[in-house]
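This report goes through one structure, part by part. Please look over the sequence and the structure before reading on.

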Amino acid sequence: MAQRSSGIRGARVGSGPLGEPERGDLAPRTRVSFWCGKGHHSQLSFAIEAEIPHSWDCPKCGLPAGRDRDDAPVAEGHAPYMTHMGYVRQRRSQEEGEILLNEALARLRGTI
Ligand SMILES: [Zn+2]
């Protein structure tokens, strides 16, 4: 006589909810604003229980950003971002710059 398989075989054991049903609700979050030294504003979302960092790297320029808009952290060892003109000024004195500028202008005007 063939043995009948048990009626409960294959039943999903443990498929019931463990504790409260999880509906995928996110943990409560808070949005925190950071400002970097260049004035970029970024807003990050943190879990409420998470410890909010005092500074965060600016996603736009990489400089450290702080939570106080008027007191952005200054990156140590980072020179403030310099414009191309800033680098030129660093390499050359004002007089040299004027000579070069005059030469360039003269060339443009076709007087050289
Ligand atoms: Zn920035």
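## The largest pocket

The largest pocket holds about 220 Å³ of space. The model is a predicted one, and the pocket is taken from its atoms. Lining the largest pocket are Met85, Val88, Arg89, Arg92, Ser93, Gln94, Gly97, Glu98, Leu100 and Leu101. Two or more of the lining residues come from each of helix H1 (84–91) and helix H2 (94–109). H2 supplies the largest share, five residues.

Sorted by class, the lining consists of four nonpolar, three polar and three charged residues.

## The sheet

Four strands form an open sheet in the order E2-E1-E4-E3, and the pairing is antiparallel. At the edges lie strand E2 (41–47) and strand E3 (55–57), each of which pairs on one side only. On average, neighbouring strands of this sheet are turned by 40 degrees against each other, direction ignored.

E1 and E2 run antiparallel and are joined by seven bridges. Within this pair, arginine 29 stands opposite alanine 47 in E2. The hairpin of E1 and E2 has four residues between the strands, and glycine 39 there takes a positive phi near 85 degrees.

Strand E1 (residues 29–36) is also joined to strand E4 (residues 64–66), by two bridges, and this pair too runs antiparallel. Here cysteine 36 stands opposite alanine 65 in E4.

## The zinc site

Which protein atoms are the donors of the zinc ion? They are Cys36 (SG), His40 (ND1), Cys58 (SG) and Cys61 (SG), and they lie 2.0 to 2.3 Å from the ion. Cys36 thus has two roles in this account: a zinc donor and the residue opposite alanine 65 in E4.

Along the chain, the donors follow the spacing C-x3-H-x17-C-x2-C. One pair of them links distant parts of the chain: histidine 40 is in the loop between E1 and E2, whereas cysteine 58 is in the loop between E3 and E4, 18 residues apart.

Why is the arrangement of the four donor atoms tetrahedral? It is tetrahedral because the angles that these atoms subtend around the zinc ion are 108 to 114 degrees, and four donors count as tetrahedral if all angles lie between 85 and 135 degrees. For four tetrahedral donors, the ideal angle at a metal is 109.5 degrees.

Note on methods
Residues numbered from 1 in each chain as written. Predicted model: local features only at pLDDT ≥ 70, side-chain atom pairs only at ≥ 80, totals over all residues. Heavy atoms only, no water. Pairing = 2+ DSSP bridges. Axes fitted to C-alpha atoms, helices over the stretch in contact; angles between N-to-C directions. 1 Å grid on protein atoms, 1.4 Å probe; cavity = no way out; pocket = protein on both sides within 12 Å on 5 of 7 lines; lining within 4 Å. Points joined across faces, edges and corners; volume = space filled by probe spheres on them. Nonpolar A, V, L, I, M, F, W, Y, C, P; charged D, E, K, R; others polar. Donors = N, O, S within 2.8 Å, 3.2 Å for Na, K, Ca; no water. Tetrahedral: all angles 85-135°; square planar, octahedral: opposite > 155°, others 65-115°.
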